[in-house]
Amino acid sequence: MSLEHPRHIAIYGKGGIGKSTTTSNIAAALAEAGHRVIQVGCDPKSDSTTILRGGAELPTVLDSLRDRARKPKLEDISALGFGGVLCIEAGGPVPGVGCAGRGISAAVDLLEELRVFETFAPDYVLYDVLGDVVCGGFAVPIRDGIADRAFVVTSSDFMAIFAANNLFKAIDKYAPSGGARLGGIIANSLQLDHAKPLIDDFAHRTGTEVVGYVPRSVEVAQAELYGQTVIEAAPYSEQAEVYRKLARRVTGDLETRLPKPLNGPDLKDWARDWGDRIFGAERAALRSA
C-alpha cells in the first residue's frame with residue numbers, strides 16, 4: 001500500500017513521557033498495515049528506534065559525520081526494524097559541547113542529500129522529537145515546513161502539560177510562516193481517575209483536540225524488556241489495538257489547527273484549580289469511607 005506523496009509527521013513530548021514508545025508503536029502498526037515507514041529519532045539519547053530493532057544499537061548521523069574519512073552512506077546510518085521500518089537516529093553532540101538539536105538539522109540535510117525519500121519511497125516519515133526545550137534545533141521539523149503536522153504527547157503530570165503548552169507556543173509561532181500545524185494531543189500513560197478529564201480540559205482550554213488515549217499497561221513494560229514494540233510482542237492484546245487505532249487517527253484526514261497556549265499565570269491558575277479538585281475529591285472520599 002503506497003501513498004502518492006509521503007506524509008511527514010513530527011511527534012513531540014517531554015523526555016520520559018513515552019513519546020518514543022508511542023512513536024515506535026505507531027510506526028510498527030503502520031508497517032503491519034502494509035505501509036512503508038521511516039522513523040527518525042531526534043533525541044540526543046539516540047534510543048528512539050531501539051524497540052523496533054530488538055534493542056540493538058544504531059550508529060547516529062552525527063557520529064557518522066564526525067568520521068571525516070568519507071561521506072556516510074544510507075547503510076551507515078540506518079537499519080531495517082520490525083515490519084521493514086527504516087530506522088535512523090540523528091544523535092547528539094559530544095557531551096558538554098555544541099547544541100543538542102544540531103543532529104536534527106544534520107540528519108535532515110543528509111537524508112535529502114542521499115535522496116532517501118526518493119529511494120526508499122516511504123508512505124510516512126515519523127520524527128520523534130524531544131520537547132522539553134523547543135530550541136532552534138529541536139524546532140526544525142515544525143519550523144522549516146519539514147513536517148506536515150505535529151502531535152504532542154503528554155500525561156496528566158504538570159511538567160508534561162507545561163512542556164506541551166510550550167510546544168503549542170512554538171507551533172503557534174512558526175505555523176503562520178509555513179511551519180507545521182497541530183494535529184492534536186496524544187494522552188499517554190493514563191492510570192489515575194483524574195488523568196483523562198484533566199487532559200481533556202487542557203485541550204479545551206488551548207483550543208486543541210485529544211486524538212488518542214493510551215492507558216498505562218503492563219504489556220508496554222514487558223515488550224520493552226524484549227526490545228520490542230507491543231505490536232510485535234503482544235499483537236493480540238488490547239494495548240496493541242490501542243496503538244493501531246492511534247496510528248489510524250494520526251495518519252488520517254484530521255483537521256490541523258493553531259493551538260491557543262496559556263500564558264504563565266493562567267497555566268498556574270489552571271493547575272492550582274485542578275489540584276483543588278483532586279485533593280477535594282480525595283478528602284471527600286476519606287470522609288465518606
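## Helix 8 and its salt bridges

In this predicted model, a salt bridge joins the side chains of Arg 205 and Asp 201, with 3.7 Å from N to O. Both residues belong to helix 8, four residues apart, or about one turn of the helix. An α-helix has 3.6 residues a turn, so residues three or four places apart point the same way. Asp 201 counts as buried because its relative accessibility is 14%, below the 20% limit. Arg 205, with a relative accessible area of 40%, is partly exposed.

Asp 201 also forms a salt bridge with Arg 277, where the closest N and O atoms are 4.0 Å apart. Asp 201 lies in helix 8 and Arg 277 in helix 12, so this pair ties together parts that are 76 residues apart in sequence. Arg 277 is partly exposed, at 39% relative accessible area. Helix 8 covers residues 195-205, and its buried residues are Ala 195, Leu 198, Ile 199, Asp 201, Phe 202 and Ala 203. Gly 207, which follows the helix, has a positive phi near 65 degrees.

## Other salt bridges

The count of salt bridges comes to 15. One of them pairs Asp 253 with Arg 7, the closest N and O atoms being 4.0 Å apart. Asp 253 is in the loop between helix 11 (238-251) and helix 12 (264-288), while Arg 7 is in strand 1 (residues 7-13), so the pair ties together parts that are 246 residues apart in sequence. Asp 253 is exposed, at 76% relative accessibility, and Arg 7 is partly exposed, at 22%.

Elsewhere, Lys 19, Asp 43, Lys 45 and Asp 128 are joined into one network by salt bridges that share partners.

## Strand 7 and Ile 185

Ile 185 is found in strand 7, residues 181-190. Its relative accessible area is 0%, so Ile 185 is buried. Leaving aside neighbours within four places in sequence, Ile 185 is in contact with residues including Val 152, Thr 154 and Phe 168, and also with Ile 199, Phe 202 and Ala 203; these last three are among the buried residues of helix 8. The C-alpha atoms of Ile 185 and Ala 203 are separated by 7.5 Å, although the two residues are 18 apart along the chain.

## Nonpolar cores and surface

The largest nonpolar core has 55 residues, and those with the most contacts inside it are Ile 38, Tyr 127, Ile 142, Phe 202 and Trp 270. Helix 7 (residues 158-174) gives the most to this core, with seven residues. A second, separate core of 33 residues includes Val 37, Leu 126, Val 220 and Leu 254. Beyond its neighbours within four places in sequence, Tyr 127 is in contact with His 8, Ile 9, Ala 10, Ile 11, Val 40, Cys 42, Phe 117 and Ile 146.

On the surface, Phe 158, Met 159 and Phe 162 make a nonpolar patch of about 270 Å². Phe 162 is placed in helix 7 and is partly exposed, at 35% relative accessibility.

## Cysteines and the whole chain

The count of disulfides is zero. Cys 42 is buried at 2% relative accessibility, and Cys 87 is buried at 0%.

The chain comes to 12 helices and eight strands. Of its 289 residues, 51% count as buried. Among contacts with a separation of 6 or more, 79% come from residues 24 or more positions apart. The chain exposes about 13400 Å², of which carbon and sulfur atoms supply 52%.

Terms used:
Residues numbered from 1 in each chain as written. Predicted model: local features only at pLDDT ≥ 70, side-chain atom pairs only at ≥ 80, totals over all residues. Heavy atoms only, no water. Buried < 20%, exposed > 50% of the residue type's maximum accessible area, 1.4 Å probe, protein only. Helix = DSSP H or I, 4+ residues; strand = E, 2+ residues; numbered from the N terminus. Core = buried A, V, L, I, M, F, W, Y, C linked by side-chain atoms within 4.5 Å. Contact = heavy atoms within 4.5 Å. Patch = residues over 30% accessible without salt bridge, like charges linked within 9 Å, V, L, I, M, F, W, Y side chains within 5 Å. Areas by Shrake-Rupley, 256 points an atom, 1.4 Å probe, with all protein chains shown as cover. Disulfide = S-S within 2.5 Å.
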